[in-house]
Amino acid sequence: MNDASMPARALDAGTAKSIARAFLPSRYHYHYARAKLASDPLYPGVVAALRGTDAPLLDLGCGIGLLAHALRAAGIGLAYRGVDNDAPKVTQARYAAANASLTDVAFEVVDLAAGMPAHHGSVAILDVLQFVPPPAQDAILDAAVAMLAPGAKLVIRTGLDDGSWRARFTRRVDDFSRMLGWMNAGAKRYPDAGALRARFDAAGLESEFVPLYGRTPFNNWRIVATRA
């Protein structure tokens with residue numbers, strides 16, 4: 001693992017505000033999107049990982065679709081398909097994408113614990129793995145690896161089970177988000193970095209683990225596994 005914090009920053013305030021307007025008239029989703037985009041280094045980190053690739057992207061656990069907006073704002077036009085088991089979020093994602101006139105973007109309601117959609121290209125799994133039971137978590141990872149086309153990337157953002165104070169803080173916040181109802185599932189298991197690296201090595205993938213917590217207290221990491 002790389003011990004140096006990744007220099008990715010959140011989107012600039014103007015871009016965050018511009019994207020957030022697509023969620024109006026929902027003031028809740030407008031303010032959530034604006035705050036999330038302007039404070040979380042997730043989206044610049046994922047955009048950087050996917051820049052230069054042209055394989056279609058499957059976003060597993062897409063939420064309200066912010067990654068699609070961030071990609072288009074960065075000039076990345078690869079085909080995007082987002083799936084999530086939260087139907088109201090998918091409805092909001094479809095509305096905002098249409099409102100922003102995003103092209104080659106689609107959203108579907110899919111329960112990953114019940115089965116994976118067909119796909120061949122790149123895969124994003126952002127803040128999802130820890131919220132599914134361990135057997136389903138392993139199945140999602142195996143399926144995502146099998147989906148990768150040559151040159152495509154598996155991009156993961158997740159907390160890691162490394163015993164750090166950040167890991168403990170992340171778990172508390174994830175549990176609180178479940179209590180508030182923003183997440184429809186609580187954290188089940190945080191991945192172990194060594195186990196992930198071994199899985200990718202066995203599949204013949206090159207992998208990189210980089211801290212992606214920026215100025216936040218969360219134990220978030222960007223993991224990129226590439227099919228040669």
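Buried here means under 20% relative accessible area, and the views below, all taken from a predicted model, use the word in that sense.

**View 1. Helix 3 and its buried residues**. Helix 3, which spans residues 42-50, is mostly covered, since eight of its nine residues are buried. These buried residues are L42, Y43, P44, G45, V46, V47, A49 and L50. They pack against two other helices, helix 2 and helix 4, and against strand 1 (57-60), strand 4 (122-126), strand 5 (153-159) and strand 7 (220-227). After helix 3 comes G52, a residue whose phi is positive, near 95 degrees.

**View 2. The crossing of helix 3 and helix 4**. The axes of helix 3 and helix 4, the latter made of residues 66-73, come within 10 Å and cross at roughly 60 degrees. The two helices are therefore oblique to each other, and their crossing is right-handed. On the side of helix 3 the contact is formed by Y43, V46, V47 and L50, which meet L66, L67, A70 and L71 in helix 4. Divided by class, the residues of this contact are eight nonpolar, no polar and no charged. An α-helix has 3.6 residues a turn, so residues three or four places apart point the same way.

**View 3. D40 in the loop before helix 3**. D40 lies between helix 2 (27-39) and helix 3, and with a relative accessible area of 8% this residue is buried, because the cut-off for that term is 20%. The side chain of D40 makes a polar contact with the side chain of K36 at 2.9 Å, and the side chain of D40 also reaches the backbone nitrogen of L42, again at 2.9 Å. When residues up to four places away in sequence are not counted, D40 touches A10 and R157.

**View 4. T53 in the loop after helix 3**. T53 is placed between helix 3 and strand 1, and its relative accessibility of 16% is under the 20% limit, so T53 counts as buried. A polar atom of the T53 side chain lies 2.6 Å from the backbone oxygen of L50, a residue that is itself among the buried ones of helix 3. Leaving aside neighbours within four places in sequence, T53 is in contact with L78, G151 and K153.

**View 5. The packing of helix 1 and helix 2**. Helix 1, residues 13-20, packs with helix 2 at an angle of about 150 degrees, and their axes are 8 Å apart. Helix 1 and helix 2 are therefore roughly antiparallel to each other, and helix 1 passes helix 2 in a right-handed crossing. From helix 1 the contact is made by A16, K17, I19 and A20, and from helix 2 by Y30, A33, R34, L37 and A38. The residues of this contact divide into seven nonpolar, no polar and two charged.

**View 6. The crossing of helix 6 and helix 8**. Helix 6 (residues 134-147) and helix 8 (residues 193-202) have axes that come within 11 Å and cross at roughly 35 degrees, and the crossing in which helix 6 passes helix 8 is right-handed. Helix 6 contributes D138, L141, D142 and V145 to the contact, while helix 8 contributes L196, R199 and F200. By class, this contact has four nonpolar, no polar and three charged residues.

Key
Residues are numbered from 1 along each chain as its sequence is written. This is a predicted model: local features need pLDDT of at least 70, side-chain atom pairs count only at pLDDT 80 or more; totals for chains, interfaces and linings use all residues. Side-chain values use heavy atoms; hydrogens and water are left out. Helices (H or I, at least four residues) and strands (E, at least two) are DSSP runs, numbered from the N terminus. Buried means under 20% relative accessible area, exposed over 50%, partly exposed in between (1.4 Å probe, protein chains only). A polar contact is a pair of N or O atoms within 3.5 Å; within protein, one must be able to donate a hydrogen and the other to accept it, and residues adjacent in sequence count only if both atoms are side-chain atoms. Contact means heavy atoms within 4.5 Å. Axes are lines fitted to C-alpha atoms, for helices over the stretch in contact, and angles run from 0 to 180 degrees between N-to-C directions. Angles under 35 degrees count as roughly parallel, over 145 as roughly antiparallel, 65 to 115 as roughly perpendicular and the rest as oblique. A crossing is left-handed if the near helix is turned anticlockwise from the far one by less than a right angle, and right-handed if clockwise. Ala, Val, Leu, Ile, Met, Phe, Trp, Tyr, Cys and Pro count as nonpolar, Asp, Glu, Lys and Arg as charged, and the others, Gly among them, as polar.
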